[in-house]
Amino acid sequence: MAKKQLTDEQKRLDTDIWIIALVTLGVFGFNAMMGNQFISFVTNSNISVVPRLLLNAGLQFGIAGLGITIVCVLRKDKFTQFGLAKKNAVKAIIGTILCFIPSICYIFISGQFKGYQPFSILITDDVIASNILFSILGMILIAIVWGFFEGFNYAVIADKINKRYPTQNQWLDYGAITCAAICLLFHPFCTSFWGIVELITTFIAIYGMLIVKKKTGNAWGCVFAFCFIWNAL
């Protein structure tokens with residue numbers, strides 16, 4: 001049987017997906033190897049918060065943001081092409097919140113809720129405690145890296161995968177499935193009862209968020225989720 005010839009668009013999408021995958025896995029692998037050293041440095045309050053935040057932000061952007069940025073620059077794609085629009089923004093945000101309800105319930109019921117703090121990362125408190133100028137600039141950087149790019153990253157990846165591997169089944173979404181699986185693999189989990197519940201509710205949240213994005217054509221729900229839910233509870 002003759003091998004099916006790929007179109008130029010399919011070849012471009014394959015290249016895009018490989019670039020994102022290699023960049024993401026490369027930075028993630030480097031971070032995993034040096035994890036203890038990085039955490040010790042980032043959480044060391046005896047060191048200025050500036051280099052600690054920049055290192056932490058650089059690594060985070062490398063994992064969730066650098067790959068899609070390289071592809072968009074290479075293809076001359078605008079971020080707005082991937083759903084950053086006003087139309088259906090409210091619908092996308094509401095739909096995304098609904099998808100995260102099981103995950104939110106899990107956090108409360110399992111006793112993990114320690115307070116609501118948007119843009120909560122390892123050194124958010126240190127950034128806020130800094131002088132007013134750096135506090136503002138630092139929180140803007142955190143919002144961009146851990147809020148905007150972490151959520152938007154999934155939207156772009158899912159879009160690329162779905163264009164490369166389209167399906168007629170509205171619920172069989174390869175992009176959403178892949179991104180939900182990536183989210184589970186890139187975050188620590190355990191196989192206890194609550195660990196399994198966390199896996200299931202997290203999968204529902206990410207998969208649902210991306211289905212909402214596809215249905216509404218709007219990616220602001222993804223950004224909202226990581227600004228005010230994922231990195232806030």
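Let me start with V71, which, leaving aside residues up to four places away in sequence, touches D16, I19, I20 and K160. Please keep in mind throughout that what we have on the screen is a predicted model. V71 sits in helix α4, which covers residues 66-75, and with a relative accessibility of 1% this valine counts as buried. One of its contacts, I19, is separated from V71 by 52 residues in sequence, and yet the two C-alpha atoms lie 7.2 Å apart in space.

Let me turn now to a pair of helices. Two packed helices are described by the angle between their axes and the distance between the axes. For helix α7, residues 132-164, and helix α8, residues 174-186, the angle is about 135 degrees and the axes are 7 Å apart. The two helices are therefore oblique to each other, since roughly antiparallel would require an angle over 145 degrees, and the crossing of α7 and α8 is right-handed. If you want to find this contact in the structure, look on the α7 side for Y154, I157, A158, I161 and N162, which meet Y174, G175, A176, T178, C179 and C183 of α8. Sorted by character, the residues of this contact comprise eight nonpolar and three polar ones, with no charged residue among them.

Next comes helix α5, residues 89-109, where we find S103. Is S103 buried or exposed? With a relative accessible area of 9%, this serine is buried, because the cut-off for that class is under 20%. Again leaving out residues up to four places away in sequence, S103 touches T201 and A205.

Finally, the cysteines, which I expect some of you will ask about. A disulfide is a covalent bond between the sulfur atoms of two cysteines. How many disulfides does a search of the whole structure find? The search finds zero, and two of the cysteines can serve to illustrate that result. For C99, the closest cysteine sulfur belongs to C222 and is 9.8 Å away, which is too far for a bond, because a disulfide requires the two sulfur atoms to be within 2.5 Å. For C105, the closest cysteine sulfur is that of C99, at 13 Å, so here too the distance is too far for a bond. As for their surroundings, C99 counts as buried at 17% relative accessibility, whereas C105, with a relative accessible area of 36%, is partly exposed.

Definitions and conventions. Residues are numbered from 1 along each chain as its sequence is written. This is a predicted model: local features need pLDDT of at least 70, side-chain atom pairs count only at pLDDT 80 or more; totals for chains, interfaces and linings use all residues. Side-chain values use heavy atoms; hydrogens and water are left out. Axes are lines fitted to C-alpha atoms, for helices over the stretch in contact, and angles run from 0 to 180 degrees between N-to-C directions. Helices (H or I, at least four residues) and strands (E, at least two) are DSSP runs, numbered from the N terminus. Angles under 35 degrees count as roughly parallel, over 145 as roughly antiparallel, 65 to 115 as roughly perpendicular and the rest as oblique. A crossing is left-handed if the near helix is turned anticlockwise from the far one by less than a right angle, and right-handed if clockwise. Contact means heavy atoms within 4.5 Å. Ala, Val, Leu, Ile, Met, Phe, Trp, Tyr, Cys and Pro count as nonpolar, Asp, Glu, Lys and Arg as charged, and the others, Gly among them, as polar. Buried means under 20% relative accessible area, exposed over 50%, partly exposed in between (1.4 Å probe, protein chains only).
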